[in-house]
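Colleague: I'm new to this one, so could you take me through a single part of it slowly? I'd like to look at where the two chains meet.

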Amino acid sequence: MSPLLLILIFIVSTVVGYMIIKNVPSLLHTPLMSGMNALSGITVLGALTATAFALGTGSKILGYIAIVLAMINVAGGFTVTSKMLKMFKHKEVDNK
Amino acid sequence: MSDILFYLLCGLLSVLVLVGISMMSKVEKAVKGNFLSTIAMAGAILLTLVYYDIISVTSLWIFMAIGLILGVIWGFKIKMIEMPQVVALLNGFGGIASALAATVIMIEPEQQNQDQLMFILVTASLALVVGVVTFTGSMIAAGKLQKVISQKPVIWKNHQWITGISLVLSILSIVMVAIDTKFLPISIIIGWVMGGFFGVAFTIRVGGADMPITISLLNSLSGVAGSIAGMASNNPLTVAIGGIVGASGLLLTQIMCRSMNRHLLDILLGKTTSTGHSKGVAVEASTVVTASDSEEDIVSDLASIIKSAKRVIIVPGYGMALAQAQHLVSQLSDSLEQNGALLDFAIHPVAGRMPGHMNVLLAEANISYEKLREMDDINPEFPNCDLAIVIGANDVINPAANTAEGTPIYGMPVLDVDKAKHIVICNFDLKPGYAGVDNPLYKMRNVTMKLGDAKDTVKELIDMLR
């Protein structure tokens, strides 16, 4: 993909993301942030391709570390977000 | 898989993520939204493995599984009070993963598309620097929040210079790559060392109370690092999702800055608000309590006020969380409601140590989220409120923010607690808050101060209702 297009994707996604996230109430800002944390683990895609095509043992090892850390980021982020969101509930519905 | 199909699926998955996030604007749909994002992420990984034809590489699966298992176990163990440092740690992991992926690309440039080599290497070195800055910055932030290192701003000799030079050298490492690929090895080293150093230098001088802003900023950086690493690895999906994360972090940073009345630059340059505070204000406040009627009178008075209050607003602050009093506060709210009071919680945007932290802590204590009201929403209701109960909050209820020009908090949006008919303040002591401005509320006639551990004072309030 051409560099220009990639930069364009970056700009568009940033602007669209900003507009959508603006609607999230401050009530949910902590889960929003941990969810974003999980998403930032998307860098695992880059780590996967770079590692798969790496030749040297050294760079492969670096790549493996990157994969593990990025996956901790993804899995930990999503787990904690869902755990948190499940705590938000109506008392009325819950107790009676 | 054809390129067109790949790009189409990338677009689809990005839209899925956006839908998932937009579902987080309503509590009822948020769990599903998070699930949708999870599915999209799994889809993204699968798509990448298929498109690059590396789905059969076993080692990749093994290391993904290791990370996955560790992440899930960790996620289940986390306590809600620890969320700020957990988010900081996760930001750091994302950052260093991006930096490592970028390093792998820079170590073996011959494996890359030679037509776009310059773009790939420059973006890779940029991702490396941003990723490393995010990593070390997040580690310091997490350390401060976990109290492993001092929460106070640490300022070195010539701090400004040191920070500046490390930043310039980090940028230089990127420029060197653009000049000639033979500089690659040295650029990698400079990027790691100087970027890492810069991350430490800029977070070490941020004070504990400015952490919500710092974490938001690091959150943004982790997304940006991922996005740039996506450019280097030519993956549009990583670019898009990284960009979304970057935008989210930036938005939260702005919100936090506005509600704390701080400029981002001041925080990064290590200017603490407390520097401007006038001396001697703290002393006066201590005379207030002793001057009032005898202890017993206050107690019986307060008990009748609490019992007769029909409209009550509770204002929780970080002091409540520190005292671990949220479950008692939940009990107090139950007792008040059983007593016939209409009750809400007023949540200031910066209550807690990260955006929205207080809401999570109260939700964990089984308080219905509909009672958790935002500042702008609840402020008009204070004049009709019989009783406001403040638990461990100071600066965010300080009416001086509206009137005392020249103080650090002047202009900061606060909760209009002073408009309530009666106010109970359960704070640990009479010291001014982080901003160092004396709180005139403490001297008002309709205010009852209950000093000490919030666990004890809240319990006393509950007992009064029995």
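Modeller: Here is a walk through that interface, with a short look at a second one afterwards. Keep in mind that this is a predicted model, where local features need pLDDT of at least 70 and side-chain atom pairs count only at pLDDT 80 or more, while totals for chains, interfaces and linings use all residues. Residues are numbered from 1 along each chain as its sequence is written, chains are lettered from A and ligands numbered from 1 in the order in which they are written, and side-chain values use heavy atoms, with hydrogens and water left out.

Let's start with who touches whom. Chain A brings 80 residues to the contact and chain B brings 101 residues, contact meaning heavy atoms within 4.5 Å. Together chain A and chain B bury about 8200 Å², with 77% of it on carbon and sulfur atoms. Buried area here is the accessible area (1.4 Å probe) that two parts lose on being put together, summed over both.

What about polar links? Between chain A and chain B there are 19 residue pairs in polar contact, both partners at pLDDT 80 or more. That term covers a pair of N or O atoms within 3.5 Å; within protein, one must be able to donate a hydrogen and the other to accept it, and residues adjacent in sequence count only if both atoms are side-chain atoms. Salt bridges across the interface of chain A and chain B come to zero, using a side-chain nitrogen of Lys or Arg within 4 Å of a carboxyl oxygen of Asp or Glu as the rule.

Now for the chain A side of it. Helices H1 (3-21), H2 (29-40), H3 (44-53), H4 (57-85) and H5 (91-95) of chain A each supply at least two residues to the side that touches chain B. Helices are DSSP runs (H or I, at least four residues), numbered from the N terminus. H4(A) gives the largest share of that side, 25 residues. By type, the side of chain A that touches chain B has 48 nonpolar, 26 polar and six charged residues. Ala, Val, Leu, Ile, Met, Phe, Trp, Tyr, Cys and Pro count as nonpolar, Asp, Glu, Lys and Arg as charged, and the others, Gly among them, as polar.

Chain B also has an interface inside itself. Its domains are domain 1 (1-77), domain 2 (90-268) and domain 3 (281-464), with bounds from an automatic or database domain assignment. Domain 2 and domain 3 of chain B bury about 1100 Å² between them, 67% of it on carbon and sulfur atoms.
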